[in-house]
Amino acid sequence: MVTKTKYFDEITYEEKDILTIPNGLFGFETYTKFLTIPFDENNDSILSLQSLDDPQLSFILMNPFQLFEDYAPKPLEDDLTFFGSVDESELSYYVLAVLKDRLCDSTLNLKAPLVVNALEKKGKQVILPQKEYKFRHCFPANKQQKEV
């Protein structure tokens, strides 16, 4: 299959490549089928979460563990039951990034990561109960800026 994308023009993919997020992302609940496309094919630290429903809808995902070595998300048990009896070690976490022209104006959402079971190609955005995580964290190089 072929689809247009926001950042990569047209790409070819197979049914097995589709990531399903049954509840969508917060504010985008009607979009449930996505592709995860790395900006660097040798690295999964920055991905495009490309909607298959709208070629102009793409989110930037980042691997939070490469940015914050002490990031330790602990989702609520109710959120984990969505994935069935899967071992928690089989889940991956990605945070949404809002990139601005200046890195110091860009933010990461550490409070509501996208949790993915890559084997089942299924994901869910969750809100972590941990108070130390905010919806708008500055990039690590900009920690001196106020978190919102």
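**View 1. A negative surface patch in the predicted model.** Six residues form this patch in the predicted model: Glu-77, Asp-78, Asp-87, Glu-88, Glu-90 and Glu-120. Glu-88 sits in a loop. That loop runs between α2 (77-81) and β7 (91-98). Glu-88 has a relative accessible area of 42%. Glu-88 is therefore classed as partly exposed. Another member of the patch is Glu-120.

**View 2. The hairpin of β8 and β9.** Strand β8 covers residues 107-117, and strand β9 covers residues 122-125. The two strands run antiparallel. They are joined by 4 bridges. One pairing can be picked out by residue: Asn-117 has Lys-122 in β9 as its bridge partner. Together β8 and β9 make a hairpin, with 4 residues between the strands.

**View 3. Lys-121 in the hairpin turn.** Lys-121 lies in the loop between β8 and β9. Its phi is positive, at about 55°. Lys-121 is not a glycine. The relative accessible area of Lys-121 is 24%, so this residue counts as partly exposed. Buried would require a value under 20%.

**View 4. A nonpolar surface patch.** Tyr-7, Phe-39 and Ile-46 make a nonpolar patch on the surface. The patch has an area of about 250 Å². Tyr-7 is found in the loop between β1 (2-4) and β2 (10-12). Its relative accessible area is 38%, so Tyr-7 is partly exposed.

**View 5. Asp-9 in the loop between β1 and β2.** Asp-9 is found in the loop that links β1 and β2. Phi of Asp-9 is positive, near 60°. This is a residue other than glycine. Is Asp-9 buried or exposed? Asp-9 is exposed, because its relative accessible area is 56% and the cut-off for exposed is over 50%.

**View 6. Pro-75 in the loop between α1 and α2.** Pro-75 lies in the loop between α1 (64-67) and α2. Its relative accessibility is 11%. Pro-75 therefore counts as buried, since buried means under 20%. A second residue gives a distance for this view: Leu-119 is 44 residues from Pro-75 in sequence. In space, the two are 19 Å apart, C-alpha to C-alpha.

Key:
Residues are numbered from 1 along each chain as its sequence is written. This is a predicted model: local features need pLDDT of at least 70, side-chain atom pairs count only at pLDDT 80 or more; totals for chains, interfaces and linings use all residues. Side-chain values use heavy atoms; hydrogens and water are left out. Patches are made of residues with over 30% relative accessible area and no salt bridge: like charges are joined within 9 Å, nonpolar side chains (Val, Leu, Ile, Met, Phe, Trp, Tyr) within 5 Å. Accessible areas come from the Shrake-Rupley method with a 1.4 Å probe; for residues, only the protein chains shown count as cover. A salt bridge is a side-chain nitrogen of Lys or Arg within 4 Å of a carboxyl oxygen of Asp or Glu. Lys and Arg count as positive and Asp and Glu as negative; His and the chain ends are not counted. The place of a charge is taken as NZ of Lys, CZ of Arg, CG of Asp or CD of Glu. Buried means under 20% relative accessible area, exposed over 50%, partly exposed in between (1.4 Å probe, protein chains only). Two strands pair if DSSP finds at least two bridges between them.
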